[in-house]
Amino acid sequence: MLIGLLALTVAAAFAGAAIYVSVAEQPARLRLEDRALLQEWQPSYKRGAAMQASIAVLACVLGAVAWWQTGSLAYLVGAVLIILPWPWTLIAMMPTNRLLETMDAAATNPQARALIVKWGNLHLVRVMLGVLAALAFLWGSA
């Protein structure tokens with residue numbers, strides 16, 4: 001089914017982007033000095049959030065349509081899993097995000113490094129949800 005394969009593809013893109021942030025971008029940014037660390041995180045987060053949020057919504061809609069067309073529980077599970085990063089971000093991550101976003105990147109912020117490390121740990125939940133959603137869509141497509 002084409003819609004199911006599209007849901008799988010989009011969820012895999014979400015998972016891949018989230019994995020990239022955790023295994024490549026976050027470790028690289030943590031090697032920067034404190035001021036540069038925050039200067040990198042702020043625009044990176046804004047761009048990444050817009051990209052991943054839209055990908056999650058698209059995969060959720062595709063998964064819901066695939067579930068509606070096939071009745072396969074796997075697509076419903078995938079649709080729920082891929083949209084869960086939204087509430088996770090809004091509830092669990094937003095306090096950290098807001099602190100980091102409001103910091104003056106031109107100034108020295110002693111707590112920025114600890115907050116970015118915390119952010120990276122919280123981001124791992126989004127990685128897990130994206131991977132699980134892709135696996136659910138794969139299960140539905142099998």
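Is Leu99 buried, partly exposed or exposed in this predicted model? Leu99 is partly exposed, with a relative accessible area of 47%. The legends below start with the whole chain and then turn to single elements and residues.

**Figure 1. Overall view of the predicted model, a protein of five helices and zero strands.** From the N terminus on, the order of elements is α-α-α-α-α. Along the principal axes, the C-alpha atoms fill a box of roughly 55 × 25 × 20 Å. The protein has 142 residues, and buried residues make up 43% of them. Of the contacts between residues at least 6 apart in sequence, 79% join residues at least 24 apart.

**Figure 2. Close-up of helix α1 and its bend at Val21.** Helix α1 has 28 residues. From its first C-alpha to its last, α1 reaches 38 Å, which is close to the 40 Å expected at 1.5 Å a residue. The bend at Val21 is about 40°. Val21 is also one of the residues touched by His123, shown again in Figure 6.

**Figure 3. Close-up of helix α4, residues 85–102, and its bend at Met93.** A straight helix of 18 residues would span 26 Å at 1.5 Å a residue, but α4 spans only 22 Å between its end C-alpha atoms. At Met93 the helix bends by about 70°. A proline, Pro95, follows within four residues of the bend. The buried residues of α4 are Pro85, Thr89, Met93, Met94, Thr96, Asn97 and Leu100, so Met93 marks the bend and also counts as buried, being under 20% relative accessible area. The buried residues of α4 pack against four other helices: α1 (2–29), α2 (34–70), α3 (73–83) and α5 (112–141).

**Figure 4. Close-up of two residues of α4, Ile91 and Leu99.** Ile91 is found in helix α4 and is exposed, because its relative accessible area of 68% is over the 50% cut-off. Ile91 and Trp67 are 24 residues apart in sequence, and their C-alpha atoms are 27 Å apart in space. Leu99 lies in the helix as well. Its relative accessible area of 47% makes Leu99 partly exposed, because this value falls between 20% and 50%. Leu99 and Ala112 are 13 residues apart in sequence and 8.6 Å apart in space, C-alpha to C-alpha.

**Figure 5. Close-up of the largest pocket, with a volume of about 370 Å³.** The lining consists of 23 residues. Those that lie nearest the pocket centre are Tyr45, Gly48, Ala49, Gln52 and Arg126. Helices α1, α2, α4 and α5 are the elements that give two or more residues to the lining. The most comes from α2, with nine residues. Sorted by class, the lining has 15 nonpolar, five polar and three charged residues.

**Figure 6. Close-up of His123 and the residues it touches.** His123 has its place in helix α5. At 1% relative accessibility, His123 counts as buried, because this is under the 20% cut-off. Not counting residues up to four places away in sequence, His123 touches Ala18, Val21, Ser22, Gln52 and Met93. Two of these residues sit at bends: Val21 at that of α1 and Met93 at that of α4. A further contact residue of His123, Gln52, is among the residues nearest the centre of the largest pocket.

**Figure 7. Close-up of Glu40 in helix α2.** Glu40 is partly exposed, with a relative accessible area of 24%. Leaving aside neighbours within four places in sequence, Glu40 is in contact with Glu25, Arg29 and Leu32. Glu40 and Ala105 are 65 residues apart in sequence, while the C-alpha to C-alpha distance between them is 8.9 Å.

Methods. Residues are numbered from 1 along each chain as its sequence is written. This is a predicted model: local features need pLDDT of at least 70, side-chain atom pairs count only at pLDDT 80 or more; totals for chains, interfaces and linings use all residues. Side-chain values use heavy atoms; hydrogens and water are left out. The expected span of a helix is 1.5 Å times one less than its number of residues. The bend at a residue is the angle between axes fitted to the seven residues ending there and the seven starting there. Buried means under 20% relative accessible area, exposed over 50%, partly exposed in between (1.4 Å probe, protein chains only). Contact means heavy atoms within 4.5 Å. On a 1 Å grid over the protein atoms alone, a cavity is a set of points where a 1.4 Å probe fits but cannot get out, and a pocket is an open set with protein on both sides within 12 Å along at least five of seven lines; lining residues have an atom within 4 Å of a point. Grid points are joined across faces, edges and corners, and a volume is the space filled by probe spheres set on the points. Ala, Val, Leu, Ile, Met, Phe, Trp, Tyr, Cys and Pro count as nonpolar, Asp, Glu, Lys and Arg as charged, and the others, Gly among them, as polar.
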